[in-house]
Amino acid sequence: PTGSPPPASSCSTGPVQCCNSVQKADSKGASVLLGLLGIVLQNVNVPVGLGCSPITVIGVGGGQCKANAVCCQDNSHGGLISIGCIPVSL
């Protein structure tokens, strides 16, 4: 892969997330968490974010993220795990 990640403004699925780590769904940490939450994914190669919180791109925080800034398709699991994450630039 070449080039830089797309801008955070291109994220159309909800707020950009700041995740402690991004792993494939079949990695040990992600698969254990998915199992505990009862989440079944058809594609085990999908990237998932672990330990995520939304980033406010506009405002006082300035959209800072010292870990992994990502745009995820599914952020409905309380920040423990977000599914279908791709990196974005802030």
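Which residue does a disulfide join to C72? In this predicted model, the partner of C72 is C85, with an S to S distance of 2.1 Å, and the legends below take up that link after an overview of the chain.

**View 1. The overall chain, with its 1 helix and 4 strands.** Read along the sequence, the elements of this predicted model follow the pattern β-α-β-β-β. The chain has 90 residues, of which 33% count as buried, and its exposed surface amounts to about 5,400 Å², with carbon and sulfur atoms supplying 58% of that area. Among the contacts with a separation of 6 or more, 66% are accounted for by residues that lie 24 or more positions apart.

**View 2. The disulfide of C72 and C85.** C72 belongs to strand β3 and C85 to strand β4, so this pair ties together parts that are 13 residues apart in sequence. The torsion about the S-S bond is about 105°, and the disulfide is therefore right-handed. C72 has a relative accessible area of 1% and is buried, while C85, at 2% relative accessibility, counts as buried too.

**View 3. The disulfide of C11 and C71.** The sulfur atoms of C11 and C71 are 2.1 Å apart, and the link has 80° about the S-S bond, which goes with a right-handed form. C11 sits in the segment before β1 (17-24) and C71 in strand β3, so the pair ties together parts that are 60 residues apart in sequence. Both cysteines, C11 and C71, are buried.

**View 4. The disulfide of C19 and C52.** Here the sulfur atoms of C19 and C52 lie 2.0 Å apart, and the link, with 105° about the S-S bond, is right-handed. Strand β1 holds C19 and strand β2 holds C52, so the pair ties together parts that are 33 residues apart in sequence. C19 and C52 are each buried. A search of the whole structure finds 4 disulfides, and when the bonded cysteines of the chain are numbered in sequence order, the pairing reads 1-6, 2-5, 3-4, 7-8.

**View 5. The surroundings of V70 in strand β3 (residues 68-74).** V70 is buried, its relative accessible area being 2%, a value that falls under the 20% limit for that class. Leaving aside residues up to four places away in sequence, V70 touches V16, Q17, C19, V22, C85, I86, P87 and V88. For one of these residues, V88, the C-alpha atom is separated from that of V70 by 5.2 Å, although the two positions are 18 residues apart along the chain.

**View 6. The largest nonpolar core, with 10 residues.** Its members are A25, A30, L33, L34, I39, V46, V48, L50, I81 and I83. The elements that give two or more residues to this core are α1 (28-37), β2 (47-54) and β4 (81-87), and α1 gives the most, with 3 residues. L34, which is one of the core residues, touches A25, I39, L41, I81 and I83 when residues up to four places away in sequence are not counted. Apart from this core lies another, of 8 residues, including C18, I55, A69 and C71. In soluble globular proteins, nonpolar side chains tend to be buried together.

Terms used
Residues numbered from 1 in each chain as written. Predicted model: local features only at pLDDT ≥ 70, side-chain atom pairs only at ≥ 80, totals over all residues. Heavy atoms only, no water. Buried < 20%, exposed > 50% of the residue type's maximum accessible area, 1.4 Å probe, protein only. Contact = heavy atoms within 4.5 Å. Core = buried A, V, L, I, M, F, W, Y, C linked by side-chain atoms within 4.5 Å. Areas by Shrake-Rupley, 256 points an atom, 1.4 Å probe, with all protein chains shown as cover. Disulfide = S-S within 2.5 Å.
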